[in-house]
Amino acid sequence: MVQATDLPRNETGISTALGVLKQRFGDRFHTGQAMRDQHAHTTTWIRPQAPDAVVFPSSTQDVSEIVKICATHEVPIIPFGTGTSLEGHVNAPAGGVSVDLSQMNKILAVHAEDLDCVVQPGVTREDLNVYLRDRGLFFPIDPGANASLGGMASTRASGTNAVRYGTMKDNVLSLEAVMADGRVIRTAQRAKKTSAGYDMTRLLVGSEGTLGLITEITLKLQGIPEAIRAARMSFPSIDAACQAVMSTIQYGIPVARIELMDELNVRAANAYAGLSLPETPLLLLEFHGSDQSVIEQAEMFGAIAEDAGGHDYAATSTAEERNKLWKARHDLYWATLQLRPGAQGISTDVCVPISRLAEAVTGAQAKAAELDLLAPIVGHVGDGNFHSLVLIDMDNADEVARAEEFTAYLADEAIAMDGTCTGEHGIGQGKQPYLIKELGATTEFMAAIKGALDPLNIMNPGKIFSASARG
């Protein structure tokens with residue numbers, strides 16, 4: 001495990017607050033070791049740091065009460081959704097209380113005529129889309145995991161549909177949140193645009209629970225397309241595949257999804273999903289629109305990709321065939337683990353301008369080879385975002401060190417290319433060293449905002465900023 005920094009604990013305050021919370025919340029308050037460990041679990045290599053207690057609110061009023069109690073005794077608060085974040089976001093480095101929002105899972109309203117809905121933070125994206133299906137609507141942000149919508153807003157999540165529909169920051173209209181003193185605010189109304197004051201909605205989206213706890217979200221929705229067509233094409237090299245991506249975007253083809261799988265991922269998908277794809281770099285795409293438009297879009301892509309060296313082109317509008325391809329894509333985490341049975345997969349991501357994508361991906365492959373690491377790459381390449389899953393033996397200190405060198409290389413190279421150290425995973429604990437490299441003095445103003453809105457530093461402390469950087 002990679003060590004996570006422990007922060008000073010307020011033992012007296014924690015003990016007192018836990019007594020008050022136990023009396024107030026009864027069987028919705030837990031201090032058992034198994035429950036605490038579950039809420040420190042991270043899908044990463046960062047050492048888990050368990051909270052002192054877990055409480056399950058069922059309303060905004062409950063959350064407000066919890067925050068007021070913790071603020072009174074200066075006790076840390078760590079929001080918890082489904083625990084799928086990847087950079088140590090749910091750890092409790094100073095102890096404190098994990099606020100599990102999973103019981104706040106109601107879909108409060110759907111305004112079909114306005115293409116929006118209002119949900120509590122514990123609603124998952126899959127549950128929302130099942131609920132919306134009969135209304136001819138869907139919510140497009142798809143980070144892969146069945147994450148909670150509150151967690152997705154907190155980490156500014158993205159996913160395979162981002163090239164057409166944007167990320168969470170583009171799809172949240174308004175938030176209700178409990179701030180660090182327990183007061184409840186609403187950041188905006190349901191209007192599709194506003195110029196009324198500071199954009200508090202987007203300040204909270206991506207703040208990783210460090211400024212407030214999201215208790216209600218108003219989301220943009222989309223109509224389910226009349227027709228959906230999937231396409232795939234293999235390429236002789238990563239560079240050729242990336243050239244096809246750049247041309248597709250530059251020609252303005254309204255692609256909904258465009259995913260890159262390197263040869264290692266294709267090999268893993270073939271074995272895991274029973275496919276027979278050529279084991280060379282692959283682009284997997286999806287087009288949304290009318291019956292005729294999706295055919296035309298797919299054909300245009302096919303011609304562009306062929307000019308870039310693509311081969312083995314195939315396209316389908318059949319739901320069963322489309323779903324088989326996309327299931328293989330979404331199962332890549334489990335598939336790639338089979339490339340090295342017994343290894344742990346460490347996921348990291350970066351994002352670069354698409355003009356630098358080929359250079360970034362081929363550079364990552366070369367660095368992995370230099371360090372003798374197995375590190376398959378997959379990317380939401382329509383917006384320059386790609387992920388590497390480094391497969392390592394966590395008991396091998398030398399291998400762990402090489403993996404750390406690799407992830408540092410990726411972040412540094414992305415920043416040097418005018419990109420970012422994280423396209424969608426967030427900073428949390430794991431990527432703090434790169435934030436100042438990327439944004440410089442801007443981080444001082446971020447820390448000043450944190451200090452102003454959370455002067456006691458009780459809202460998810462130790463995330464985004466180190467203790468010394470907090471304003």
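**Surface patch, helix H12, salt bridges and a buried strand residue**

Tyr272, Tyr333 and Trp334 together make a nonpolar surface patch of about 350 Å². The structure is a predicted model. Of the patch residues, Trp334 is placed in helix H13, which covers residues 332-337. Its relative accessibility is 48%, so Trp334 counts as partly exposed.

Helix H12 comprises the 12 residues 319-330, for which a rise of 1.5 Å a residue gives an expected span of 16 Å; the end C-alpha atoms lie 16 Å apart, in agreement with that value. The buried residues in H12 are Arg322, Leu325, Trp326, Ala328 and Arg329. They cover an arc of only 150° around the axis, which places them on the same side of H12. Glu320 and Lys327 are exposed on the other side of H12. An α-helix has 3.6 residues a turn, so residues three or four places apart point the same way.

Side chains of opposite charge can pair when their charged atoms come close. Over the whole structure, 27 salt bridges are found. Arg125, Glu126, Asp142, Arg257 and Glu286 are linked in a network of such bridges. Within the network, the side chains of Arg125 and Glu126 meet with an N to O distance of 3.9 Å. Glu126 is partly exposed because its relative accessibility is 40%, whereas Arg125, at 10%, counts as buried. Arg125 also forms a salt bridge with Asp142, the closest N and O atoms being 3.2 Å apart. Asp142 lies in the loop between strand E7 (137-138) and helix H5 (149-154), and Arg125 in helix H4 (residues 125-132), so this pair ties together parts that are 17 residues apart in sequence. With a relative accessible area of 7%, Asp142 is buried.

A salt bridge is also formed by the side chains of Glu399 and Arg340, at 2.6 Å from N to O. Glu399 belongs to helix H15 (residues 397-416) and Arg340 to the loop between H13 and strand E16 (344-351); the pair therefore ties together parts 59 residues apart in sequence. Glu399 is buried, its relative accessible area being 8%, while Arg340 is partly exposed at 30%.

Leu219 is located in strand E10 (residues 212-220). Its relative accessibility is 0%, and the residue therefore counts as buried. Apart from neighbours within four places in sequence, Leu219 is in contact with Leu115, Asp116, Cys117, Val119, Leu128, Phe139, Leu149, Met168, Asn171, Val172 and Leu173. The C-alpha atoms of Leu219 and Val381 are separated by 25 Å, the two residues being 162 residues apart along the chain.

Conventions: Residues are numbered from 1 along each chain as its sequence is written. This is a predicted model: local features need pLDDT of at least 70, side-chain atom pairs count only at pLDDT 80 or more; totals for chains, interfaces and linings use all residues. Side-chain values use heavy atoms; hydrogens and water are left out. Helices (H or I, at least four residues) and strands (E, at least two) are DSSP runs, numbered from the N terminus. Buried means under 20% relative accessible area, exposed over 50%, partly exposed in between (1.4 Å probe, protein chains only). Contact means heavy atoms within 4.5 Å. Patches are made of residues with over 30% relative accessible area and no salt bridge: like charges are joined within 9 Å, nonpolar side chains (Val, Leu, Ile, Met, Phe, Trp, Tyr) within 5 Å. Accessible areas come from the Shrake-Rupley method with a 1.4 Å probe; for residues, only the protein chains shown count as cover. A salt bridge is a side-chain nitrogen of Lys or Arg within 4 Å of a carboxyl oxygen of Asp or Glu. The expected span of a helix is 1.5 Å times one less than its number of residues. The arc is that of the directions from the helix axis to the C-beta atoms.
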